[in-house]
Amino acid sequence: MANEEADGGGSPLQVPRGTRDFGPAEMAERRRVEGRMRETLRRYGYREVQTPTFENLELFTAKSGPAILDELYGFEDKSGRRLALRPELTAAVMRFYYASLAMEPKPLKLYYFGNCFRYDRPQKGRYREFWQMGCELIGPETPEALGEMVALGAALLQDAGVARLAVRIGHLHLLYSALDAIGWPSSGDRRELLRRIDKWDERNVVAGLDEAGVDDGARDWFLSLHDVATLDDLAACLDAAPRAGERAEEAVARMRTAASRIREVLDCAAALGLDLAMVRIDPLIARGLDYYTGVVLEVDAPALGAEKQLLGGGQYDLSGVFGGEPVATCGFALGFDRALVAVAAEGAGTEVAEGVDAYVAPIGDAARRPALVLAAKLRRAGLSVEVDLMQRTAGKNLKAAASRGARVAVILGGREVEGGFATVKDLASGEQVEVPLAAFADWLSARPPASRAP
Ligand code: HAM
């Protein structure tokens, strides 16, 4: 059996592993959902930016460390420059900000839609090339700003047709200070444990805590954070926290501050329309990327299976990477491909009508040039038009018109060309009328779309 990389590896007929082709119907649906999302972002005052598909490798390794190399499509160009296909866009947008946008008035609200590349293990909802719709809010770190970010995250998905959402809100101080409170050494590498917490395999987490010598009481308290769902649960949990010395006391105090921060943010998000019934407090959100600092959020679609996380983000700091003035930053990105799966799972997808307005069918060779002239005229008038390019017979042309979902077939034979009119067949009703060529574009534009063929 070939190794797992072999399929799709070499054959010119197969796409590379983890990538996809999108046919016309799928593209129409993708563009429809993309349009809905852009519209929501516009209503929240965001403006679009675009950055390169590949960047200097260091942009991504600077903050996340060499561990990210396993996930990256890195390569050297012909001059030996070390580059990478972008795995996400936040670092690139902040590079752009520090290079060119730092003087823009605040808040600066930027959004992007672009393909990203990660050397992930492909499965449904997880790809090596995928698309993110994301936004960055630069300048404010008020509860209003963070609340708006959370409300926007939910609105983007709901407006696109994902009604059932599970929003989880956390704060990195909750997680890090909880580790401090149980005496987890602050020096040393927490990454492996954070990864286990992020995936939440309890046995693995327990093993990690045991390895670090955390005592049973402290460990059980830490595990109880996993059951927290509300701010009241969190408050009760904090009351029961281990009080083993000054360091633990300080850690719990930091957790209380983080909890009240979350309360303020959720108050603002609710005022902006977020339905709090779908929100859960999750003190153990770790986030995979290493630049997060404060409030973090993740949004899942319960209707999906393993890859149900649709959106992730929070407050972060990348100023150190660029040596620029620190500036408050928060944002999120949603997995566009996963969002589409969720839209379809909820039955909110739409068959986007892909038909053309008219199919021009010449009868006989003498009508072929006039047919092209008529097609050009209709296109100039803004109609979508196909004209026979295959030199088909009249009968085959009518079939082709129907299979292209044309509203009308425009039949142009010698009699029509001479008389300056066209015979128009409505493909839904079968009704046939003669329309003067001079008035044809206006006549077709004026027809109600209800007569459009299915
Ligand atoms: P992220 O959580 O790594 O965050 O990615 C955001 C979303 O992209 C995920 O929630 C998921 O839906 C989608 N995603 C990630 N990997 C894949 C994949 N292999 N296939 C399909 N979808 C995937 C970020 O990228 C941050 N830059 C978000 C952010 C913006 N933070 C602050 N501002």
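**Rings, burial and a small sheet**

Colleague: Why does Trp443 count as partly exposed in this predicted model?

Modeller: Trp443 has a relative accessibility of 24%, and partly exposed runs between 20% and 50%, so Trp443 counts as partly exposed.

Colleague: And what makes Phe440 buried?

Modeller: Buried means under 20%; Phe440 comes out at 0%, so the label fits.

Colleague: How do you know that Phe440 and Trp443 form an aromatic pair, and why is the pair called tilted?

Modeller: Their centres are 5.8 Å apart, and the limit is 6.5 Å, so they pair. The planes make 40 degrees, neither under 30 nor over 60, so the pair is tilted. Both sit in helix H16 (residues 440-446), three residues apart, about one turn of the helix.

Colleague: What about Tyr291 and Tyr316, why is that pair tilted?

Modeller: Here the centres lie 5.4 Å apart and the planes stand at 55 degrees, so tilted again. Tyr291 is in the loop between strand S8 (279-281) and strand S9 (292-300), with Tyr316 in strand S10 (residues 309-316), so the pair ties together parts 25 residues apart in sequence. Tyr291 is buried at 4%, and Tyr316 is buried at 4%.

Colleague: How do you know that the charged end of Arg30 sits over the ring of Phe22?

Modeller: The charged end is 3.9 Å from the ring centre, and the distance cut-off is 6 Å, with an angle condition of 35 degrees from the ring normal. The charged end of Arg128 sits over the ring of Tyr119 too, at 4.0 Å.

Colleague: What makes S3 and strand S4 (residues 82-85) a pair?

Modeller: They share four bridges in the antiparallel sense, and at least two are needed, so they pair.

How values were computed:
Residues numbered from 1 in each chain as written. Predicted model: local features only at pLDDT ≥ 70, side-chain atom pairs only at ≥ 80, totals over all residues. Heavy atoms only, no water. Helix = DSSP H or I, 4+ residues; strand = E, 2+ residues; numbered from the N terminus. Phe/Tyr/Trp six-rings, centres within 6.5 Å; stacked < 30°, edge-to-face > 60°. Buried < 20%, exposed > 50% of the residue type's maximum accessible area, 1.4 Å probe, protein only.
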